[in-house]
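Please open the structure in your viewer and keep the sequence panel beside it, so that each selection can be found in both places. The stops below can be followed in order, one selection at a time.

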Amino acid sequence: VKFIVIDVVPLPEDIADLAALDSTGLEQLRKHLQTQLEGQHARVTPARLNNEFSKRTRAIEIYKNLQAVRQLNRRVVYIACDVRDGEKLRAELELARRQLGPVTALVHAAGIDRSHLIDQKSPLEFREVFSVKAQGALNLMQICQEDPLRLVVAFSSISGRFGNAAQLDYCAANNFLNEWVKLMKSLHPDLHAVSLAWSGWK
């Protein structure tokens with residue numbers, strides 16, 4: 001079994017060293033980031049510092065998960081890419097195919113949640129939340145249309161079926177995924193295609 005993992009988080013060159021840090025080392029990293037930010041900005045808010053620090057901790061988590069897969073003697077290629085960027089996604093997947101072969105299964109789990117009531121939600125926020133799932137799905141469908149797909153799994157939500165007052169865009173995006181899975185099945189009758197309607201999860 002071989003895997004191609006796609007996420008927006010880039011892995012820094014020193015990710016192996018970062019992944020080896022214990023809690024003390026991570027606290028030192030946080031202080032180092034604060035010093036760096038203070039040299040770049042007149043005022044460093046806790047939110048800005050937390051954002052920069054979370055980029056490192058997310059990268060560490062991804063790296064450790066990739067390493068865990070490799071320790072099981074499985075090959076895995078990591079692509080740092082936004083699935084909405086069709087051009088970059090196509091190029092990166094082509095490189096991955098050269099290493100691992102054609103794509104036989106898709107698991108589309110990308111998503112963003114920005115919970116606001118409709119009178120507080122901007123068109124930009126709606127597009128951001130909706131496009132990650134919808135445009136991401138369409139890009140994967142188009143880019144992998146020549147691959148011998150046998151399985152497609154979409155991570156949807158019960159909100160796509162029952163709705164949620166503060167998640168209009170998220171509900172629409174998940175309902176789109178449900179219909180996308182039906183489309184994939186109609187285009188490829190031998191394909192096993194399923195949409196998983198998750199409840200709340202972490």
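Counting salt bridges in this predicted model gives 11 of them, where a salt bridge is a side-chain nitrogen of Lys or Arg within 4 Å of a carboxyl oxygen of Asp or Glu. Start by selecting Glu 52 and Arg 56, which form one salt bridge, with their closest N and O atoms 3.0 Å apart. Both residues belong to helix α3 and stand four residues apart, about one turn of the helix. Glu 52 is listed among the buried residues of α3, whereas Arg 56 counts as partly exposed because its relative accessibility is 23%, and buried would mean under 20%.

Next, select Glu 179 and Lys 182, another salt bridge, whose closest N and O atoms are 3.3 Å apart. These two residues lie in helix α7, three residues apart, which is again about one turn of the helix. Glu 179 is partly exposed at 41% relative accessibility, while Lys 182, with a relative accessible area of 51%, is exposed.

Now select Glu 128 and Arg 114, whose side chains meet in a salt bridge at 4.0 Å, N to O. Which parts of the chain does this pair tie together? Glu 128 sits in helix α5 and Arg 114 in the loop between β3 (105–108) and α5, so the salt bridge joins parts that are 14 residues apart in sequence. Glu 128 is partly exposed, at 29% relative accessibility, and Arg 114 is also partly exposed, at 35%. To finish with the charged side chains, select Glu 94, Arg 97, Arg 98 and Asp 147, which are linked in a network of salt bridges.

From here, turn to helix α3 as a whole by selecting residues 46–70. How far apart are the C-alpha atoms at its two ends? They are 36 Å apart, which agrees with the 36 Å that its 25 residues should span at 1.5 Å a residue. If you then colour the buried residues of α3, you will mark Leu 49, Glu 52, Phe 53, Ala 59, Ile 60, Ile 62, Tyr 63 and Leu 66. The elements that cover these buried residues include β1, α1 (15–19), α2 (23–40) and β2 (75–80).

Follow the chain out of α3 into the loop between α3 and β2, where Asn 73 is found. Asn 73 has a positive phi of about 65° although it is not a glycine, and Asn 73 is exposed, with a relative accessible area of 70%. Arg 74 lies in that loop between α3 and β2 as well, and it counts as partly exposed at 36% relative accessibility. Leaving aside residues up to four places away in sequence, Arg 74 touches Val 1, Phe 3 and Val 69. For a sense of distance, draw a line from the C-alpha of Arg 74 to that of Ile 158: the two residues are 84 residues apart in sequence and 33 Å apart in space.

Two of the residues that Arg 74 touches, Val 1 and Phe 3, also take part in a nonpolar surface patch of about 260 Å², which they make together with Val 5. Val 5 lies in strand β1 (residues 2–7) and is partly exposed, with a relative accessible area of 31%.

The next stop is inside the protein, at the largest nonpolar core, which has 23 residues. Select Leu 89, Leu 106, Leu 149, Val 152, Trp 180 and Met 184, the residues with the most contacts inside this core. At least two of the core residues come from each of β2, α4 (86–100), α5 (123–143), β4 (151–157) and α7 (168–187). A second, separate core has 16 residues, including Ala 19, Leu 37, Phe 53 and Ala 59.

Return to the larger core and centre the view on Trp 180, which touches His 108, Ala 137, Leu 138, Met 141, Val 152 and Ala 154, not counting residues up to four places away in sequence. Trp 180 is one of the buried residues of α7, among them also Tyr 170, Leu 177, Val 181 and Met 184. What do the buried residues of α7 pack against? They pack against β3, α5, β4, α6 (159–162) and β5 (192–198). As a last selection, take the whole of α7, whose 20 residues reach 29 Å from the first C-alpha to the last, close to the 28 Å expected at 1.5 Å a residue.

Methods: Residues are numbered from 1 along each chain as its sequence is written. This is a predicted model: local features need pLDDT of at least 70, side-chain atom pairs count only at pLDDT 80 or more; totals for chains, interfaces and linings use all residues. Side-chain values use heavy atoms; hydrogens and water are left out. Patches are made of residues with over 30% relative accessible area and no salt bridge: like charges are joined within 9 Å, nonpolar side chains (Val, Leu, Ile, Met, Phe, Trp, Tyr) within 5 Å. Accessible areas come from the Shrake-Rupley method with a 1.4 Å probe; for residues, only the protein chains shown count as cover. Buried means under 20% relative accessible area, exposed over 50%, partly exposed in between (1.4 Å probe, protein chains only). The expected span of a helix is 1.5 Å times one less than its number of residues. Contact means heavy atoms within 4.5 Å. A nonpolar core is a set of buried Ala, Val, Leu, Ile, Met, Phe, Trp, Tyr and Cys residues joined through side-chain atoms within 4.5 Å.
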